[in-house]
Amino acid sequence: MANRHPPLNSLKVFEAAARHLSFKKAAEELCVTPGAVSRQLSHLESLIGAPLFRRVNHGIELTAAARLCLPKLQEGLACLRESVDQIFEHTESQTLSVYAAPSFAMRWLMPRLHRFALDHPDIDVQVSTRISPFVGRRGTPQATLDIHAWTDQADVVMMFGDDHLPATAPDLHVEALMPLSITPMCSPELLEGAHGMSDPEDVLQHLLLHDNRGLRYGTRSFWRQWLDAAGVSAPNADGGPRFTHSLLALEAAIDGMGVVASTPMLVTDALRTGALVAPFDLQVPLGCAYHLISKPAAYERSDVALFRTWLRAEVKRSRHDVPRRQPAYA
């Protein structure tokens, strides 16, 4: 026989007839006529050169050849059904993996992610946090290696960096999602206390909390950058508690410990609810941003494209979602 692989349809008909020991019941299961079952089985028997069924007084029974091959055939058909089910499950519920910096994930992404889930219930977003290196003017070869390692493990990586970041990974898709600026923020109780803040120099009457990203990722502290832009001379501006993690500095400000110079885009919800207030209009651009990074294969996927579009819309929404509690300082 030139082709020793019978048609799959004939094998399915044989398996149904063998399981029921009835051509009629097999036809009902397969939604065909008993005559069609008989023809398929005759064709199969001619291909293999051996009978599969033998007629007896009250119906049919399997031949020795049929009994020998039936278990393996049923096992193979079960594997085929399982494989097809897995394809459908993957199509119906895609998994999108995301790596993000802890502060970005906890303070900005996770409070909004339910909106993406409601709009796209078929996409399962799995977020993991990673302490990301800074990649830019002071970026290191190891940091660049980390980017590539993370994009091997996640569909989307969200990383803090400056405008030099895309040049460090030209083989990846890098998009600046959220440009950042800094401004002082504090609890409303601190602002309304004995030492209010109507002029920029008033911040010096309070304990200055330091989000240490300014020194880790640049050359000057966030407080030094903001006070210089406001025209305030403050030789001791670098004094006060330092937090190596921006999340801790922001939480300390919410608790009323002092005033922090940090990035309001990370705490738009706290600013909207009044847990934090930003006394001044002056926001100093950092020249840095949170970036979206993907490998080309992941970038082209429809679920990743939907996630990027949703993120851009949420960033735009955040920019218009920060109320002011004090007369603006210009």
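Let's start with one residue, Arg 19, which is partly exposed at a relative accessible area of 41%. On this scale buried means under 20% relative accessible area, exposed means over 50%, and partly exposed is in between, using a 1.4 Å probe and protein chains only. Bear in mind that this is a predicted model, where local features need pLDDT of at least 70 and side-chain atom pairs count only at pLDDT 80 or more, while totals for chains, interfaces and linings use all residues. Residues are numbered from 1 along each chain as its sequence is written, and side-chain values use heavy atoms, with hydrogens and water left out.

Arg 19 has a partner, Glu 15, and their side chains meet in a salt bridge at 2.9 Å, N to O. The term salt bridge is used for a side-chain nitrogen of Lys or Arg within 4 Å of a carboxyl oxygen of Asp or Glu. In general, side chains of opposite charge can pair when their charged atoms come close. Unlike Arg 19, which is partly exposed, Glu 15 is buried, with a relative accessible area of 9%. The two are four residues apart in helix α1, so about one helical turn separates them.

Now look at α1 itself. Helices (H or I, at least four residues) and strands (E, at least two) are DSSP runs, numbered from the N terminus. The expected span of a helix is 1.5 Å times one less than its number of residues. For α1, with 13 residues (8–20), that gives 18 Å, and the end C-alpha atoms are 19 Å apart, which agrees. Its buried residues are Ser 10, Val 13, Phe 14, Glu 15, Ala 16, Ala 17 and Ala 18. Just after the helix, Leu 21 takes a positive phi of about 50°.

Back to charges: the structure holds 17 salt bridges. One of them brings the side chains of Arg 115 and Glu 314 together at 2.7 Å, N to O. Arg 115 sits in helix α6 (residues 113–119) and Glu 314 in helix α15 (residues 302–319), so this pair ties together parts that are 199 residues apart in sequence. Arg 115 counts as partly exposed at 22% relative accessibility, while Glu 314 counts as buried at 4%. Both also belong to a network of salt bridges that links Arg 112, Arg 115, Asp 269, Arg 272, Glu 314 and Arg 317.

Helix α15 has another such link, this time to a strand. The side chains of Glu 175 and Arg 312 meet in a salt bridge at 2.8 Å, N to O. Since Glu 175 lies in strand β6 (residues 173–185) and Arg 312 in α15, the pair ties together parts 137 residues apart in sequence. Arg 312 counts as partly exposed, at 37% relative accessibility.

What about rings? Rings of Phe, Tyr and Trp (its six-membered ring) pair if their centres lie within 6.5 Å; planes under 30 degrees apart count as stacked, over 60 as edge-to-face and the rest as tilted. By this rule there are 11 aromatic pairs. Among them is the edge-to-face pair of Phe 23 and Phe 53, 5.5 Å centre to centre with 85° between the planes. It links distant parts of the chain, with Phe 23 in helix α2 (residues 23–30) and Phe 53 in strand β1 (residues 53–56), 30 residues apart. Phe 53 counts as buried at 12% relative accessibility. Elsewhere, Phe 104, Trp 108, Phe 160 and Tyr 290 form one aromatic cluster.

Charges can sit over rings too, if NZ of Lys or CZ of Arg is within 6 Å of the ring centre and within 35 degrees of the ring normal. Arg 213 lies over the face of Phe 160, 5.6 Å from the ring centre. Arg 308 lies over the face of Tyr 299, at 3.8 Å.

Finally, the sheet. Two strands pair if DSSP finds at least two bridges between them. An open sheet of eight strands runs in the order β4-β3-β5-β10-β6-β9-β7-β8, with mixed pairing. At its edges stand β4 (123–129) and β8 (242–243), each with a single partner strand, so one side of each has no neighbour in the sheet. Strand β7 (residues 208–211) runs parallel to β8, joined by two bridges, and parallel to β9 (residues 259–262), joined by three. His 210 stands opposite Arg 242 in β8, and Leu 208 stands opposite Val 259 in β9. Leu 208 and His 210 point one way from β7, Leu 209 and Asp 211 the other, and all are buried.
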